[in-house]
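Please examine the structure shown below together with its sequence. This briefing concerns the surroundings of a ligand and two points of backbone geometry.

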Amino acid sequence: MSQAWKKSAIAMVAAGALVGSLAACSTERDAGSESTEGAGTVEETLVGIAMPTKSLERWNRDGAHLEELLGEAGFETSLQYADNKVDQQITQLENMINQGADILVIASIDGTALAPTLEQAAEAGITVIAYDRLINDTPNVDYYATFDNYGVGTMQGEFIAETLDLAGGAGPFNLEPFAGSPDDNNAKFFFAGAWDVLSEYVDSGQLVVPSGKAPASNDDWQSIGVQGWSSDTAQSEMENRLNSFYAGGTKVDVVLSPNDSLALGIAQALEGNGYAPGPDYPVLTGQDADQANVLNMIAGKQSMSVWKDTRTLGDQVATMIQQIVDGETVEVNDEETYDNGVKVVPTYLLPPQVITPENVDVLTESGFYAAEDLGL
Ligand code: BGC
């Protein structure tokens, strides 16, 4: 039995006082305040961390960093990955609740599937922080920490507009747009940010979408969503579009990819179709600055990525947790944007940053990667 679970067993027996104090926090939060009454000492606090999958680079980094940070501060932690399976994540959360977690940090797989589980968490007086992805349709999410998701999409759209000189009237260019997983609340923000920049150029005819897969409006983004952010699905979708709509020498000039896992598959499809790095290679966007994608950027197979220094997200969540435990006001900087269908969730937004082949050294100078990771 680990220290955490021993502590939890004791906590479950003697839960009255702790649950009482956490329940008081919930009541206070329900009344619209962000201050808490404290959850006990750091050593008494078990933080459950639920991450979606190990298959994507970023979540491994996110989980490891948060676990290390909280461990160094003296918290007990339980870090679980759910293989992108909603049921598995729900079981993991139920286990954390039963084992006496005081705080849950959740990067959800399906943002609309956790309401019943979070009702159990609320009954147990647990404070819930949505990590990176908002959890929808429940009152039982207390805080949200993320990057400016709409801003990520804006950066992708503006990069395309500037690279192609759309404001200067250039075009027409052939564009293929993609969106993220339909069950991920972030994906709609990424798409809206990009499409709010690009749609005027689709309307003006400077951007043409030969496949016809251009959503009629931002709300229709799921029609081009790639379930589970799968690289393989993105690859086969791009292959289908190239085979069906680009026969006879038509070239694709630009692909809006919402993140790096899709961009990897899209780059594979381009390569398989004869596109080689050089002036005619399409503009291809991404997000996360995953190692494989930074290597692709250096090799001329991806034009940009939006880097979200996930260490800063972990730092911010650790700060929130410390503030909760100390009974201090939890610092947020956005109390308007993230309506989960039941309430506006108090949010801390962090700034993303554009990375191109020209400034990859930002990643090494900040220690996010070692130079040898990038072959530099
Ligand atoms: C995250 C992205 C990530 C994507 C796929 C999104 O919710 O914000 O950083 O690329 O999920 O895991």
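The following notes describe the ligand site first and the backbone afterwards.

The model is predicted. Its ligand sits in the largest cavity, and 13 residues surround this ligand. Two domains give residues to the shell around the ligand, which therefore lies between them.

**Position of the ligand**

- Domain 1 is made up of residues 13–141 together with 309–350, whereas domain 2 covers 149–307.
- Because both domain 1 and domain 2 give residues to the shell, the ligand lies between the two domains.
- The elements that give two or more residues to the shell are α3 (57–73) and α7 (185–203).

**Residues around the ligand**

- Of the 13 residues around the ligand, those that come nearest are Arg58, Asp132, Arg133, Asp184 and Asp288.
- Sorted by class, the shell holds 6 charged, 4 nonpolar and 3 polar residues.

**Polar contacts and burial**

- The side chain of Arg58 has an N or O atom 2.7 Å from an oxygen atom of the ligand.
- For Arg133, a polar side-chain atom lies 2.7 Å from a ligand oxygen atom.
- The side chain of Lys308 has an N or O atom 2.9 Å from an oxygen atom of the ligand.
- The ligand taken alone exposes 310 Å², and the protein buries 99% of that area.

**Backbone geometry**

- Most residues other than glycine have a negative phi, and most peptide bonds are trans.
- Asp132, a residue other than glycine, has a positive phi, near 70 degrees.
- Asp132 is placed in the loop between β4 (127–131) and β5 (143–147), and this residue is also among those that come nearest to the ligand.
- The peptide bond that runs from Gly171 to Pro172 is cis, and its omega is near 0 degrees.
- Pro172 belongs to the loop between α6 (149–163) and β6 (173–177).

Notes
Residues numbered from 1 in each chain as written. Predicted model: local features only at pLDDT ≥ 70, side-chain atom pairs only at ≥ 80, totals over all residues. Heavy atoms only, no water. Near = heavy atom within 4 Å. Polar contact = N/O pair within 3.5 Å; in protein donor to acceptor, adjacent residues only side chain to side chain. Areas by Shrake-Rupley, 256 points an atom, 1.4 Å probe, with all protein chains shown as cover. 1 Å grid on protein atoms, 1.4 Å probe; cavity = no way out; pocket = protein on both sides within 12 Å on 5 of 7 lines; lining within 4 Å. Sits in = over half its atoms within 2 Å of the grid points. Helix = DSSP H or I, 4+ residues; strand = E, 2+ residues; numbered from the N terminus. Nonpolar A, V, L, I, M, F, W, Y, C, P; charged D, E, K, R; others polar. Domains from an automatic or database assignment.
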